[in-house]
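Q: Please take a close look at one part of this structure. Then work outward from it, and keep the reasoning visible.

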Amino acid sequence: MKSYRKELFYKTKTRRAFINITRDVKKCLAESGVQEGLLLVNPMHITASVFINDDEPGLHHDYEKWLEQAAPHEPIEHYRHNDTGEDNADAHIKRQIMGREAVVAISGGRLDFGTWEQIFYGEFDGRRNKRVLVKIIGE
Amino acid sequence: MKSYRKELFYKTKTRRAFINITRDVKKCLAESGVQEGLLLVNPMHITASVFINDDEPGLHHDYEKWLEQAAPHEPIEHYRHNDTGEDNADAHIKRQIMGREAVVAISGGRLDFGTWEQIFYGEFDGRRNKRVLVKIIGE
Amino acid sequence: MKSYRKELFYKTKTRRAFINITRDVKKCLAESGVQEGLLLVNPMHITASVFINDDEPGLHHDYEKWLEQAAPHEPIEHYRHNDTGEDNADAHIKRQIMGREAVVAISGGRLDFGTWEQIFYGEFDGRRNKRVLVKIIGE
């Protein structure tokens, strides 16, 4: 069994953002040399998501609007977590809705994806350096 | 290490539907011959979910109602994604809430499930041919 | 390839609760002897979640409040699932929002976590004995 590990780094200029990381993950897969296996991608932070969906700016706008309506950033004092001095309680909720991780099949040395599947890093408390872990096991 | 891959095919008559695919996944597992390992099931589409829950029609009705309230299909023009000519922005949101994939333990050649765990394909933009990927690795 | 399986047991005193199970999962990892691989943790029940987030009581209060607002327990008769005699339809919805399982990378014999990542069992229909499955594969 082969195993591979890499950290990817992202820093968004805005509090919330969606970044297509598919190309970076594909580079990891090529480096790993794994032909058949499973690939795990997850943020190493708890106010961010890795998820698989469409690379369409209108949709990302809809996600942003929907999530902000579901769990608004303000008023800050609405959330007890923010009594600790944080202002990111909403980001912890948004991350749960969008999920933490993606697990992807590797077949024939490629991400085993349908036509429109793309991997995104979803940031909900950005403007800081963040890490995304890629772990691959297989043969 | 053994690895196995299969695509399952589903086409729903309605826009939204939940299909119990446990039997189909079990057939894959039997074909794979894997005794100990992990099994990944995911739609190869981005307006559908694979999830694990109860095979109870009342619950599926509740899911349908709750999701439609959380992210209504109409008005279509409420979503910027639909400016592209699509009408399925709500389906992309519903899929995020319900999740993309299920990862299941395989122990002793069986899906390592509790009493009530069943695998569902959740369709949110149906009436078209859709694919579900089953990937198994183990020994 | 090594594989390892263990069931953990939890019983909450309240209907809903979040339990930090990181220590228990780490014990499983140590027992398994796996150095490089993947670890799956999931409830064997369909009204509970395993998820990764922050061990901060204020945040857990916010999750509880937010989930209860999103899918209230009462009125019981609001949900068709509860016509079966159950009163836990809301718990099936809460579990979908929070997710079923966590998949964690194992690197150098350790859970490959960022600073604040902790594993939680999220109970939404407690006061009964419940099982959580830990499955590890790797080398």
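A: Start with Lys26(A), which sits in helix H1 of chain A. Keep in mind that this is a predicted model. Is Lys26(A) buried, partly exposed or exposed? Its relative accessibility is 48%, so Lys26(A) counts as partly exposed. The band for that label lies between the 20% that limits buried and the 50% that limits exposed.

Lys26(A) has charged company. Together with Arg23(A), Lys27(A) and Arg110(A), Lys26(A) forms a positive surface patch. Which element supplies the largest share of that patch? Helix H1 of chain A, spanning residues 22-32, does, with three residues.

Now set that helix in its chain. Chain A holds three helices and eight strands. Along the sequence the order is β-β-α-β-β-α-α-β-β-β-β. The C-alpha trace of chain A spans about 50 × 30 × 20 Å along its principal axes. Of the 139 residues in chain A, 62% are buried.

Helix H3 of chain A, residues 89-98, gives another view of burial. How many of its residues are buried? The count is 10 of 10, so H3(A) is largely enclosed by the rest of the structure. The buried set includes charged side chains: Asp90(A), Lys94(A) and Arg95(A) are among them. Ala89(A), Ala91(A), Ile93(A), Ile97(A) and Met98(A) are buried too. His92(A) and Gln96(A) complete the set. Gly99(A) comes after H3(A), and its phi is positive, near 95 degrees.

Next, the relation between copies. In general, a rotation about an axis and a shift along it relate two copies of a chain. Here a turn of 120 degrees, with a shift of 0.0 Å along the axis, lays chain B on chain A. The RMSD of that fit is 0.0 Å. The two copies are therefore related as by a three-fold rotation axis. Which C-alpha of chain B is nearest the axis? That of Ile97(B), at 3.3 Å from the axis.

One more stop in chain B. Leu8(B) belongs to strand S1, residues 2-10. Its relative accessibility is 10%, so Leu8(B) counts as buried. Along the chain, Leu8(B) and His81(B) are 73 residues apart. Their C-alpha atoms are separated by 28 Å.

Back to the starting point. Lys26(A) is partly exposed, and it contributes to the positive patch. Helix H3 of chain A, by contrast, has 10 of its 10 residues buried.

Methods
Residues numbered from 1 in each chain as written. Chains lettered and ligands numbered in written order. Predicted model: local features only at pLDDT ≥ 70, side-chain atom pairs only at ≥ 80, totals over all residues. Heavy atoms only, no water. Patch = residues over 30% accessible without salt bridge, like charges linked within 9 Å, V, L, I, M, F, W, Y side chains within 5 Å. Areas by Shrake-Rupley, 256 points an atom, 1.4 Å probe, with all protein chains shown as cover. Salt bridge = Lys/Arg side-chain N within 4 Å of Asp/Glu carboxyl O. Lys, Arg positive; Asp, Glu negative; His and termini not counted. Charge placed at Lys NZ, Arg CZ, Asp CG, Glu CD. Helix = DSSP H or I, 4+ residues; strand = E, 2+ residues; numbered from the N terminus. Buried < 20%, exposed > 50% of the residue type's maximum accessible area, 1.4 Å probe, protein only. Least-squares fit on C-alpha atoms with pLDDT ≥ 70 in both.
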